[in-house]
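Please open the model in your viewer and keep the selection tool at hand. The tour moves from one selection to the next and says what is there at each stop.

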Amino acid sequence: MSYDVTICADETFSRSVQFAPLADFIATLRRVQPNGERGFVLSEGKRIWMEIDLEEVNDEGDILDDYESSTIVNCVRLHIPYPMLGDHPDRDYFPIAIEIARHLGWQAIDDQTGEPLRTSSAVAGSKADQKPWWKFW
């Protein structure tokens, strides 16, 4: 069992991107390494682990039989095994999911709730993103 996140354009997976440029982008993310033909893994020793799968699916979200040879991606799925989830998924995993979604212009959906993925205020409003206390605009 795993904690899952789906990144897609909409409920019918209607938009796609080319596999190679997306794979190149994901390979540049910190702590991410290739894992198989169409996947990646986020790891730092055994402390953090998440599988990232680049898929082509039908409009119901089912993986196509020949997706491994496809040159397009219309769904990115992330899987975090519950034993590896830890206390801070919004710090350790969710920023990677959100970064991929922003790169694509798609949404990251928390599969457990069906809602868009949100990070805690500690992540979303980090000091780098916050205005100084004295600025009013």
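The stops below begin with the core and end with the cysteines.

This is a predicted model, in which local features need pLDDT of at least 70 and side-chain atom pairs count only at pLDDT 80 or more, while totals for chains, interfaces and linings use all residues. Residues are numbered from 1 along each chain as its sequence is written, and side-chain values use heavy atoms, with hydrogens and water left out.

Select I7, I26, I52, L54, V76 and I100 to start: within the largest nonpolar core, which has 31 residues, these touch the most other members. A nonpolar core is a set of buried Ala, Val, Leu, Ile, Met, Phe, Trp, Tyr and Cys residues joined through side-chain atoms within 4.5 Å, where buried means under 20% relative accessible area, exposed over 50% and partly exposed in between, with a 1.4 Å probe and protein chains only. At least two residues of this core come from each of strand 1 (2-8), helix 1 (19-27), strand 4 (39-44), strand 5, strand 7 (75-81) and helix 4 (94-104), and helix 4 gives the largest share, seven residues. Helices (H or I, at least four residues) and strands (E, at least two) are DSSP runs, numbered from the N terminus.

Next, centre on L54, which, leaving aside neighbours within four places in sequence, is in contact (heavy atoms within 4.5 Å) with ten residues you can select, among them F19, L22, A23 and I26.

Those four are also among the buried residues of helix 1, which are F19, L22, A23, F25 and I26. They lie on the same side of helix 1 because they cover an arc of only 160° around the axis, the arc being that of the directions from the helix axis to the C-beta atoms. Turn to the face away from this buried side, and you find the exposed residues P21 and D24.

Now select S70, in the loop between strand 5 (48-55) and strand 6 (72-73). S70 is buried, at 13% relative accessible area, and its side chain makes a polar contact of 2.5 Å with that of E56. A polar contact is a pair of N or O atoms within 3.5 Å; within protein, one must be able to donate a hydrogen and the other to accept it, and residues adjacent in sequence count only if both atoms are side-chain atoms.

Finally, select C8 and C75: why are they not bonded? Their sulfurs are 6.0 Å apart, too far for a bond, since a disulfide is a pair of cysteine sulfur atoms within 2.5 Å. The count of disulfides is zero. C8 is buried at 8%, and C75 is buried at 0%.
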